[in-house]
Amino acid sequence: MNQCSSCTALPDLESSGYLLFTHTTFSVLRELHYHMLQNGYNSYTQDNTLHYYYSAVQTLGPFLDFIERTLPGDPVELKGTWTGKDQQTHANMINFHQLKERISRPSFMTVINNEQFTHHMQPIIQLNTGEVMGYEFLMRPQADAAPFRPDQLFSFSQQSGLQSLLDNRARIASIKTSAKYLKPGTKRFINFLPSSIYDPDHCLLSTFAIARSCGISTKDLVFEVVETEKFDDLEHLLRIFQTFQSYGVRVALDDLGSGYSTIDVMEELQPHYVKIDRSLVDHCDQDIKKQQRLEKIVSRAGSYGIITLAEGIERSEELNCVRELGFDLAQGYLIGKPKAVPESPSILD
């Protein structure tokens, strides 16, 4: 299936090659070229493009620092890419800050390009029966690849312009992993970032195609919005939700009660599931104010038919408290830690 440029990564940096730069004003490139020659950098201009030859990847960091200091005007208007020795351009030009981020963190770019990550599964139970109804998929490094923290990797992807690529590949990897371990009817909770899906009718096609090829019903998929970014455009997020729902996919709002994820947002989006932030669940059995807030959420969600899930359950007292408050589902270390192979005989063959 064809991918747009935002879901296509540049190949890993080669040991030597060329950096190519363009600018909205070519006179700025000429002046930059002059400064480069004055400082001993091997460069030339051709077809409104500035070419710089590098002989070692390790020299690129200091060189980009030099560009940022020397460039006349705003670096935002400077775009770049890199090529191999044969001058074959690898991908579309990206802005200077994204280029610098990719070059500065090559190990992260390799992780994304080569999909050097896996997913562990954390069980979610029904509070009225105690049975496992689904799993949340959480990204982890591959054992034989470079280590990383998932939050740092996603932060890098945002800064480097690789967010759509990582988000798409993470969704697909989660679906493939679920097909290997989970039986039909088991819900698969998979995170996504709204800003990575600029056009849901196009960007989600590969996700649905993979689900079909794996024999997974879309009704078993639950895509949840992670609360790592501000909901600047609720209309766009609502459109994403509607696209998911048109394919039979369930949607969830994550971390309710924290940051921008509020009851008002829940009522605007009306997801199938709402996951309560662990800060509200932590020691809720000892905090009357938390109990009152949780009770209000359960009541408001229930009026819309939204299923409530309490996250971060680490103590039996918390589990009993959220059960008494009327929550439907629960998740946390007390119930089960994320594992590469889930331990749940009632769900697995």
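This briefing walks through a protein model, from its overall build down to single residues. The model is predicted, so please read every value below as computed from that prediction. The protein has 349 residues, and buried ones make up 51% of them. Its secondary structure comes to 13 helices and 13 strands.

**The whole protein**

- If you follow the C-alpha trace along its principal axes, the protein spans about 75 × 40 × 35 Å.
- The accessible surface adds up to about 16,300 Å², and carbon and sulfur atoms hold 45% of that surface.
- The protein carries 32 positive and 43 negative charges, and the mean positions of these two groups are 3 Å apart.
- Take the contacts with a separation of 6 or more: 68% of them are between residues 24 or more positions apart.

**Two nonpolar cores**

- The largest nonpolar core has 51 residues, and the members that touch the most other members are Phe192, Phe244, Ile276 and Phe327.
- Apart from this core lies another one, made of 36 residues, including Val28, Ile94, Ile103 and Ile112.
- Phe244 is a good residue to click on: leaving aside neighbours within four places in sequence, Phe244 is in contact with Phe192, Leu204, Phe208, Phe223, Val249 and Val251.

**Helix 8 and its surroundings**

- Helix 8 runs over residues 205-213, and its buried residues are Ser206, Thr207, Phe208, Ile210 and Ala211.
- What do these buried residues pack against? Their partners are helix 6 (163-181), helix 7 (200-203), strand 9 (221-225) and helix 9 (234-246).
- After helix 8 comes Gly215, which has a positive phi near 75 degrees.

**Leu221 in strand 9**

- Leu221 sits in strand 9, and it counts as buried because its relative accessible area is 0%, under the 20% cut-off.
- Beyond the residues within four places in sequence, Leu221 is in contact with Ile175, Arg188, Ile190, Ala211, Ile216, Val249 and Arg250.
- Ala211, one of those contacts of Leu221, is also among the buried residues of helix 8.
- Leu221 and Thr186 are 35 residues apart along the chain, with 8.6 Å between their C-alpha atoms.

**Ser43 in strand 2**

- Ser43 belongs to strand 2, which covers residues 43-46.
- Is Ser43 buried or exposed? Ser43 is buried, because its relative accessibility of 8% falls under 20%.
- The side chains of Ser43 and His33 are joined by a polar contact of 2.8 Å.
- Not counting residues up to four places away in sequence, Ser43 touches His33, Met36, Leu37, Leu50, His51 and Tyr52.

**Two loop residues with a positive phi**

- Asn48 is not a glycine, yet its phi is positive, at about 60 degrees.
- You can find Asn48 in the loop between strand 2 and strand 3 (49-54).
- Asn48 counts as exposed because its relative accessibility is 52%, which is over the 50% cut-off.
- His283 is not a glycine either, and has a positive phi of about 55 degrees.
- The loop that holds His283 lies between helix 11 (278-281) and helix 12 (288-303).
- With a relative accessible area of 33%, His283 counts as partly exposed, because that value lies between the 20% and 50% cut-offs.

**Distances along the chain and in space**

- Thr25 is in the loop between strand 1 (17-23) and helix 1 (26-38).
- A relative accessibility of 36% makes Thr25 partly exposed.
- Thr25 and Gln38 are 13 residues apart along the chain, and their C-alpha atoms are separated by 21 Å.
- Lys337 is placed in the segment after strand 13 (329-331).
- How many residues separate Lys337 and Met121 in sequence? They are 216 residues apart, while the distance in space is 8.0 Å from C-alpha to C-alpha.
- Besides its neighbours within four places in sequence, Lys337 is in contact with Met121, Gln122 and Pro123.

Methods:
Residues are numbered from 1 along each chain as its sequence is written. This is a predicted model: local features need pLDDT of at least 70, side-chain atom pairs count only at pLDDT 80 or more; totals for chains, interfaces and linings use all residues. Side-chain values use heavy atoms; hydrogens and water are left out. A nonpolar core is a set of buried Ala, Val, Leu, Ile, Met, Phe, Trp, Tyr and Cys residues joined through side-chain atoms within 4.5 Å. Buried means under 20% relative accessible area, exposed over 50%, partly exposed in between (1.4 Å probe, protein chains only). Contact means heavy atoms within 4.5 Å. Helices (H or I, at least four residues) and strands (E, at least two) are DSSP runs, numbered from the N terminus. A polar contact is a pair of N or O atoms within 3.5 Å; within protein, one must be able to donate a hydrogen and the other to accept it, and residues adjacent in sequence count only if both atoms are side-chain atoms. Accessible areas come from the Shrake-Rupley method with a 1.4 Å probe; for residues, only the protein chains shown count as cover. Lys and Arg count as positive and Asp and Glu as negative; His and the chain ends are not counted. The place of a charge is taken as NZ of Lys, CZ of Arg, CG of Asp or CD of Glu.
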